[in-house]
Amino acid sequence: MKISFLLVDRCHIGGVVSAIHNLAKALADHHEVELVSLRRNRDQAFFPLDPRVKTLALSDMRKHSHTYDGDDPHIETFPHIYPNEPTDKKPWISRLAERRLMEYLATTDADVVVSNNPKITIMLAYADRDFLKVAMEHSRPAQYGPHIRDALFKDAYPKMDAITAPTPDECRTIAGVVPGVSHLLSPMPNCIPAHEGQMSTGDNKIVVTAGLLKPHKGFDDLIEAFSSVAPRHPDWSLRIYGSGPEHGKLRKKINDSGSNNQVFLMGPATPVTPEFAKASVFVLPSRLEAFGNVTVEAMAAGLPVVAYDAPHGPRNIITQGEDGYVVPLGDKKALAEHIEKLIADEDLRRKMAAAAVANVVRFQEAETVARFEQLVETMRARRAIPRTAAAVVTPQGDVRVKVEELPAGSDAVLVCKDIRKKADEVVLPLIGGEALVPSLGTLVEGDWELAIRAAGFDMPLRSSGCDTLQILSLKLPRAEGPALSLLLPHDHTDGTLRVQSRVRAQHVEVAAVHAGATSIVIDAAAWGVEPGTGSVIEAVHRKDADKNFTVPVKPGAGGRFTASLDNAAAARLHQAGTEDIWDLWLLPDRDSARIRVCKLATDVLTPMTVFTYPYPVVNGSGAPVAAAADTKAKSGWRNRLSSTVPAAVTGGVKHELRPYFASNGQFSLKIIDKK
């Protein structure tokens with residue numbers, strides 16, 4: 001198997017590059033491995049690379065190199081797909097590198113291509129070859145800026161065969177942000193090789209830490225914590241390895257604390273692991289740490305660890321009380337107490353050191369390779385499952401789902417999942433590649449994702465089309481079961497197949513709305529309940545119950561009724577300079593529960609974008625104002641519902657009444673100031 005890893009810069013110093021070099025070496029024992037970087041600006045990488053691993057740099061920024069690309073006109077051109085930072089004045093990754101990456105993806109013979117950067121993942125999604133695509137996350141995607149997040153979550157992630165994150169915690173976080181790809185997520189801790197060289201003896205009275213000297217690494221907290229311990233243990237010292245922009249501030253903090261004789265900024269060390277053997281305790285004070293290679297490296301060298309509970313690495317590496325301690329994030333007192341606990345108790349320190357060496361084996365080469373190879377097998381198994389389906393509404397209102405290319409005799413089933421995760425999943429048999437979702441008694445109200453369950457996997461179905469013609473001829477209200485029971489299959493924005501279930505024992509369906517200069521008249525029908533002479537429409541204010549009001553109902557035949565809202569009366573409840581919104585309900589009588597007034601008995605998924613009405617305007621005295629061209633409903637719900645700048649509170653203020661259907665289909669009224 002040929003595996004290609006995509007990196008921004010193989011010569012960068014950082015945990016991601018180190019981990020990929022380690023993984024590439026481990027996989028090279030049984031596979032062909034290649035590292036492809038978008039740019040190169042050094043002759044030697046900071047981290048060693050196994051000679052069996054091939055390398056390719058797509059743009060060469062070394063001026064002395066015979067492959068120097070600095071003279072190419074596209075080297076100064078911003079890329080078309082790769083999202084550079086909005087503040088960049090010059091492209092870090094050029095159009096030249098981008099074009100060469102797309103050429104590489106179009107011609108590579110790799111079986112698996114792994115992106116190790118979210119921006120590269122966005123480009124990988126454009127590749128239409130049949131190799132397996134993996135997005136390997138090493139950070140916290142939920143924290144990415146919108147210039148990355150939008151394209152990554154909506155377009156790129158769904159096109160991957162797998163998405164990995166360093167910890168199960170981070171996988172859960174990603175699933176919460178992008179639920180549609182939860183089935184693709186797998187934990188993949190960084191690969192850290194077994195320690196080579198001398199191990200810590202535990203005899204040297206040194207506490208050590210390492211990392212870039214940046215604010216999120218928390219070295220300022222560590223200096224403060226250790227300085228509170230140092231006077232009681234004058235023979236112990238703290239060594240901080242690394243370089244970075246915080247060097248001056250950390251030096252000042254050491255000076256201010258009077259710890260110059262016990263706290264030392266050692267500068268960078270590459271590799272840093274030999275320095276761990278000189279120490280007896282390792283501390284990771286990071287405020288943010290997706291994994292923490294140095295933690296594993298220190299434990300492999302025989303050091304117990306004290307770490308902040310930074311999201312999400314330390315708690316997934318350290319076994320609390322066995323090989324170290326995880327203390328609350330930002331609790332400098334707890335950090336100091338646990339450092340001193342290990343300093344003061346030699347037996348505990350040595351016991352934890354031994355446990356640390358044993359416990360980090362799970363992050364080393366053999367187990368990491370096994371995890372990666374299992375991931376490949378999982379991706380291949382998922383790919384073999386048919387995932388495309390069409391949905392057709394039957395004359396009875398059921399939904400027939402046909403999965404394309406499902407082999408005969410397959411034991412696959414259709415799984416309906418409540419996207420709110422409040423209702424139990426519904427499992428239906430697939431017979432001859434088809435499943436029937438009954439319109440009555442199967443799916444409670446809500447949105448349901450349709451998935452195929454086969455070979456131990458649940459895979460969301462991709463929609464190849466939805467036929468909803470028969471909804472138009474359904475006999476509603478239903479004579480049996482809930483008055484409103486309607487299934488509406490639809491294509492979700494991510495291309496998956498979903499069904500919206502609308503179930504109401506009692507329901508009020510709006511037939512027409514007439515928004516005039518003096519009144520808004522609602523023509524509706526009550527299902528499962530009969531409006532009487534005492535029935536009213538209750539307008540319930542979303543924020544202020546004192547603004548609630550009622551409108552009498554004029555009953556008609558077969559549950560039909562009309563109600564007329566007086567524009568001037570409603571406008572008098574509006575406070576200038578604010579936005580008022582009421583949701584409308586039918587109150588059949590004094591003792592009955594109120595019923596939402598809605599538009600749901602339709603094949604339209606989002607009524608608010610289709611069923612729109614004029615916006616009457618009245619002045620401060622309640623008199624109607626002639627409609628101007630811009631009072632008409634604007635296209636798109638964002639424009640139609642957007643707030644306007646409040647007008648000054650004067651006698652000449654005008655009020656605009658906006659009748660509309662809210663996102664849940666309920667009829668609502670918004671009143672705003674009109675300039």
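The exercises below, each with a worked solution, concern a predicted model.

**Exercise 1. Domains**

State which domains the assignment gives, and how far apart the centres of domain 1 and domain 4 lie.

Solution. The domain assignment divides the protein into domain 1 (2–187), domain 2 (206–361), domain 3 (385–504) and domain 4, which is made of two segments, 507–626 + 650–674. Taking the centres over C-alpha atoms, one then finds that domain 1 and domain 4 are separated by 54 Å.

**Exercise 2. Nonpolar cores**

Describe the largest nonpolar core, identify the domains it draws on, and examine the surroundings of Val437.

Solution. The largest nonpolar core comprises 37 residues, and those with the most contacts inside it are Val401, Leu414, Cys416, Val437, Ile452 and Leu461. This core takes at least three residues from each of domain 3 (385–504) and domain 4 (507–626 + 650–674). A second, separate core has 36 residues, including Val8, Ala135, Ile148 and Leu184. Turning to Val437, and leaving aside residues up to four places away in sequence, its contacts are Asp398, Val399, Val401, Leu414, Cys416, Leu428, Thr442, Leu443 and Leu487.

**Exercise 3. Two helix pairs**

Classify the packing of α6 against α7 and of α1 against α13, and name the residues that make each contact.

Solution. Two packed helices are described by the angle between their axes and the distance between the axes. For helix α6 (residues 219–229) and helix α7 (residues 247–257), the angle is about 15° and the axes are 10 Å apart. Because angles under 35 degrees count as roughly parallel, α6 and α7 are roughly parallel to each other. The crossing in which α6 passes α7 is right-handed, and the residues that meet are Phe219, Asp220, Ile223, Glu224 and Ser227 from α6 with Leu250, Lys253, Ile254 and Ser257 from α7.

For helix α1 (residues 15–27) and helix α13 (residues 365–383), the angle is about 80° and the axes are 9 Å apart. The range from 65 to 115 degrees counts as roughly perpendicular, and α1 is therefore roughly perpendicular to α13. On the α1 side the contact involves Leu23, Ala26 and Leu27, while α13 contributes Glu365, Thr368, Val369 and Phe372.

**Exercise 4. A loop residue**

Locate Thr167, decide whether Thr167 is buried or exposed, and list what Thr167 touches.

Solution. Thr167 sits in the loop between β6 (162–165) and α5 (168–177). Its relative accessible area is 1%, and since buried means under 20%, Thr167 is buried. Not counting residues up to four places away in sequence, Thr167 touches Pro187, Ala290, Phe291, His312, Gly313 and Asn316.

Terms used: Residues numbered from 1 in each chain as written. Predicted model: local features only at pLDDT ≥ 70, side-chain atom pairs only at ≥ 80, totals over all residues. Heavy atoms only, no water. Core = buried A, V, L, I, M, F, W, Y, C linked by side-chain atoms within 4.5 Å. Buried < 20%, exposed > 50% of the residue type's maximum accessible area, 1.4 Å probe, protein only. Domains from an automatic or database assignment. Contact = heavy atoms within 4.5 Å. Axes fitted to C-alpha atoms, helices over the stretch in contact; angles between N-to-C directions. Helix = DSSP H or I, 4+ residues; strand = E, 2+ residues; numbered from the N terminus. Parallel < 35°, antiparallel > 145°, perpendicular 65-115°, else oblique. Left-handed = near helix turned anticlockwise from the far one by under 90°.
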